[in-house]
Amino acid sequence: MTLQRWVFLRKLTAAASSSPPFSLPSSLSCCTHVLGFSQSAAANMAEEAKKLAAYSAVDNNVQNNQVVGVGSGSTIVYAVDRLAERVRQEKLNIVCVPTSFQARQLILQHGLALSDLERHPELDVAIDGADEVDAQLTLIKGGGGCLTQEKIVAGNSKCFVVIADYRKDSSVLGEQWKKGVPIEVIPMAYVPVSRVIAKRFGGEVNLRMAVSKAGPVVTDNSNFILDWKFEDVQNWSEVNTAIKMIPGVVETGLFVNMAERAYFGMEDGSVKVRKAPAN
């Protein structure tokens, strides 16, 4: 069975099991069922698209005797699944370097060899997700708060590969992702850094607040995250450098001229590959 046909059958199964979450009068039940089906189908389609992208990236970029950087987020779960499957089936010798605590746990749960940049300072390939990818392969990352570790791992890899579903594919940054550019800052500096960014580049800068606890989000590095909601398309290389020079900024979620290729799982079950433009 082809992968595309398998995806199609999975969608049909999901549609058949779809049902309204609660009862409503008969005059509204049909609309509710259609809405529930639509939301469920869209969610299932996005998950299948993530899996398609992740599997394709692992199959095309990971080889025996490599050191692999493992990114963070929901899409990377499928990449680790496929990586572990290939290690078992093909008896591959693979060492994994995580970008976050979540990635570390995934590596251990799948029985993969865990390492770090102290023991393996140069990686053969790093695979990670993105919140948005533009036509030039400029990325916004850091929706999950792991941008600094992710950029360090990607920057020490010979090849950096991005995996995402069709919802992350944009012609310009800000087209799909509306939450802004994440910026990791030293806690004592979040107010002055916010003021400088808003004054110099416009837009709105907000301290990211936690959902399940009181107070701000705290990164794995014990820092805060600012989300800069920019207003206009920028020269992202210049903006990235300028923001990083502000005292108190640790790193930005702008990944400029870093990704070599991106794999997008599409709605029709195909995978679109975008390569970085030639310099």
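Q: A contact here means heavy atoms within 4.5 Å of each other. With that rule, what share of the protein chain's contacts with a separation of 6 or more comes from residues 24 or more positions apart?
A: Such residues account for 73% of those contacts. Before we go on, a word on the model: it is predicted, so local features need pLDDT of at least 70 and side-chain atom pairs count only at pLDDT 80 or more, while totals for chains, interfaces and linings use all residues. Residues are numbered from 1 along each chain as its sequence is written, and side-chain values use heavy atoms, with hydrogens and water left out.

Q: What does the predictor's confidence look like for the protein chain?
A: The pLDDT, the predictor's confidence in each residue on a scale from 0 to 100, averages 89, and 86% of the residues score at least 70. Over residues 5-9 the pLDDT is below 50, and this stretch has 6 contacts in the model beyond near neighbours in sequence. Residues 11-24 also have pLDDT below 50, with 14 contacts counted beyond near neighbours in sequence.

Q: How many helices and strands does the protein chain have?
A: There are 7 helices and 14 strands. Both kinds are DSSP runs numbered from the N terminus: helices are H or I with at least four residues, strands are E with at least two.

Q: Why is R82 called buried or exposed?
A: Buried means under 20% relative accessible area, exposed over 50%, and partly exposed in between, with a 1.4 Å probe and protein chains only. R82 has 15% relative accessibility, so it counts as buried. R82 lies in helix α3 and touches Y55, V58, D59 and Q89, leaving aside residues up to four places away in sequence. By the same burial rule, 47% of the 279 residues of the protein chain count as buried.

Q: How do you know whether the length of helix α3 agrees with its number of residues?
A: The expected span is 1.5 Å times one less than the number of residues. For the 17 residues of α3 (residues 74-90) that gives 24 Å, and the end C-alpha atoms are 25 Å apart, which agrees. The buried residues of α3 include I76, Y78, A79 and V80. Just after α3, K91 takes a positive phi of about 55 degrees.

Q: What makes A54 count as buried or exposed?
A: Its relative accessibility is 0%, so A54 counts as buried. A54 sits in helix α2 (residues 26-61). Its C-alpha atom is separated by 6.9 Å from that of I76, 22 residues apart along the chain. Leaving out residues up to four places away in sequence, A54 touches T75, Y78, A79 and I163.

Q: Why is helix α5 described as largely enclosed?
A: In α5 (residues 147-155), 7 of the 9 residues are buried, so the rest of the structure largely encloses this helix. Among them are L147, V153 and A154.

Q: What makes strand β7 count as mostly covered?
A: Of its 6 residues, 6 are buried. F160, V162 and A164 cover one side, and V161, I163 and D165 the other. In general, side chains of a regular strand alternate between the two faces of the sheet.

Q: How do you know that β7 pairs with β13?
A: Two strands pair if DSSP finds at least two bridges between them, and β7 and β13 have 5, in the parallel sense. One partnership joins D165 to G265 in β13. Strand β4 (residues 125-128) also pairs with β7 in the parallel sense, over 3 bridges, with I127 and V161 as bridge partners.

Q: What joins strand β13 to strand β14?
A: The antiparallel strands β13 (residues 261-265) and β14 (residues 271-275) are joined by 5 bridges, with V273 as the partner of Y263. They form a hairpin with 5 residues between them, and G269 in the turn has a positive phi of about 90 degrees.

Q: Why is the pair of F160 and F255 called stacked, edge-to-face or tilted?
A: Rings of Phe, Tyr and Trp (its six-membered ring) pair if their centres lie within 6.5 Å; planes under 30 degrees apart are stacked, over 60 edge-to-face, and the rest tilted. This rule gives 6 aromatic pairs. The ring centres of F160 and F255 are 6.2 Å apart and the planes stand at 40 degrees, so the pair is tilted. It links distant parts of the chain, with F160 in β7 and F255 in strand β12, 95 residues apart. Both F160 and F255 are buried.
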